[in-house]
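Please look through the sequence and the model below, and then follow the explanation step by step with the structure in view.

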Amino acid sequence: MSMQSTPNPNLLSSLPEALTKLAYQGFQQSKSVFSLAHKTISDRLTDTIVPSRQNITTSLSPELLLELQKRRNELCEIDWQDAQKGVYPVDILFDSLLPDFLRYYPEVWLDLPKIWARLQQKEYQTFAKDIEKEGYPRYYLQNFHYQTDGYLSDSSAHLYDLQVDILFNGVADSMRRRILAPLKEGLKTFSSVQPYHIKVLDVACGTGRTLKNIRATLPKASLFGVDLSPAYLRKANQLLSENPKELPQLTHANAEDLPHPDNFFHGLSCVFLFHELPGFARQEVINQCFRVTKPGGTFIICDSMQLSDSPEFEVMMNNFSAMFHEPYYQDYIRDNLGERLEKAGFELIETQLHFVSKYWIARKH
Ligand SMILES: C[S@@+](CC[C@H](N)C(=O)[O-])C[C@H]1O[C@@H](n2cnc3c(N)ncnc32)[C@H](O)[C@@H]1O
């Protein structure tokens, strides 16, 4: 029997709206408190074992912490409002990582000594001996976030969602969900197309959390995902098979060379990929996304905020690339993705900022 990670929708619809909102706020608050406690303990331990790490980061000012808290609250409010407007069902707001948490949270701690060893030895490209490394681009063979085996083991795939949600103080999915309103809006161009003929691709789908949210929003559409990690695709397959609706088609592929025909998708999304690519690969991926988008289709990118839109957060962005192994991040935060999208042929409709993420909404004419 699989453990439910989302509450019963009938139960939620029988509660008065104010009560559901309180429950949502409480749910988010508890994740925030937990994430902060986890990070405080883990940072203190790491600073004790690897004291040199303290010299490479700067403390955040109280004003910046307040601004961060304000942005987080705004993100949760928009998430709630979008569910109220019917962009997606309210029960997806309560989707939790509980099954993973119960099974894999101890491993997050057990992995720490390996991370300390890599930090001390400055080793950022180490993989277990049995991991196949042939055929991957060189930029990909990294222990991103000092993660054991990078993206190339099942164990890494099991820990990834927990680690990302802790990093983002419990709102990783709320950040992913910000692609859904513009995606749904963009698909209105194809209102004469039967819903089940609408095709949507999530590029670098990882463990499938964005696809899970897209499925909740577009229950009838044909969904597709590509990723370079077989292990993350296995994890995505597990998560997405819990939903009795049609399973998204998951393909092991490099986003620089998508295996789909030209003009195929009505909508595309790409979440948290671009900061992990060198500049040339960012352009290649955008070019490929343009090629496979149908005229009239929408492409939405979600990734980290950048220096141009959030200069006040420069300290935090520098801490991020210093504390986690993110070799392309400093270049990414200075990159102009709008220009890259236009170079590929897209029209940039708008950019948005939510919490610590930025969104590019683009259309192919
Ligand atoms: C930070 S994770 C983001 C995963 C997911 N989109 C999410 O929201 O959590 C980056 C993902 O990009 C994938 N990736 C990196 N380079 C890629 C490439 N060139 N082609 C396809 N996937 C790639 C990784 O395997 C990993 O799953």
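The paragraphs that follow move from an annotated region to a sheet, then to a ligand and its surroundings, and finally to two residues in loops.

This is a predicted model, and a useful place to begin is the stretch that carries a label in a database. According to an unreviewed UniProt entry, residues 200-297 are covered by the annotation "domain: Methyltransferase". Over residues 200-297 the chain is 36% helix and 27% strand, and the C-alpha atoms at the two ends of this stretch are 10 Å apart.

The next feature to find is a sheet. Strands of a sheet pair through backbone hydrogen bonds, and this pairing may be either parallel or antiparallel. The sheet here is an open one of 7 strands, arranged in the order 3-2-1-4-5-7-6, and its pairing is mixed. At its edges stand strand 3 (249-252) and strand 6 (347-354), each of which has a single partner strand, so one side of each is left without a neighbour in the sheet. If direction is ignored, neighbouring strands of this sheet are turned by 15° against each other on average. One pair can be followed in detail: strand 1 (residues 199-203) and strand 4 (residues 265-271) pair in the parallel sense over 4 bridges, and the bridge partner of Leu201 in strand 4 is Leu268.

From the sheet we can turn to the ligand. There are 21 residues around the ligand, and of these Ala204, Gly206, Leu228, Ser229 and Ala255 come nearest. The elements that give two or more residues to this shell are helix 9 (209-217) and strand 2 (222-227). Sorted by class, the shell around the ligand has 12 nonpolar, 4 polar and 5 charged residues.

Helix 9 deserves a second look, because 9 of its 9 residues are buried, so the helix is largely enclosed by the rest of the structure. Among the buried residues of helix 9 are Arg209, Lys212 and Arg215, as well as Leu211 and Ile214.

Two loop residues complete the tour. Most residues other than glycine have a negative phi, and with this in mind the following backbone angles are worth finding. Tyr146, in the loop between helix 5 (112-121) and helix 6 (154-167), has a positive phi, near 60°, although it is a residue other than glycine. Tyr146 is buried, with 23 other C-beta atoms within 10 Å. Phe272, in the loop between strand 4 and helix 11 (279-292), is not a glycine and yet has a positive phi of about 60°. Phe272 is buried, with 20 other C-beta atoms within 10 Å.

Methods. Residues are numbered from 1 along each chain as its sequence is written. This is a predicted model: local features need pLDDT of at least 70, side-chain atom pairs count only at pLDDT 80 or more; totals for chains, interfaces and linings use all residues. A residue is near a molecule or strand if its C-beta atom, placed from the backbone, lies within 6 Å of it. Ala, Val, Leu, Ile, Met, Phe, Trp, Tyr, Cys and Pro count as nonpolar, Asp, Glu, Lys and Arg as charged, and the others, Gly among them, as polar. UniProt positions are given in the numbering used here, feature names are shortened, and annotations may be inferred rather than shown by experiment. A residue is buried if 20 or more other C-beta atoms lie within 10 Å of its own, exposed if 12 or fewer, and partly exposed in between; C-beta atoms are placed from the backbone. Two strands pair if DSSP finds at least two bridges between them. Axes are lines fitted to C-alpha atoms, for helices over the stretch in contact, and angles run from 0 to 180 degrees between N-to-C directions.
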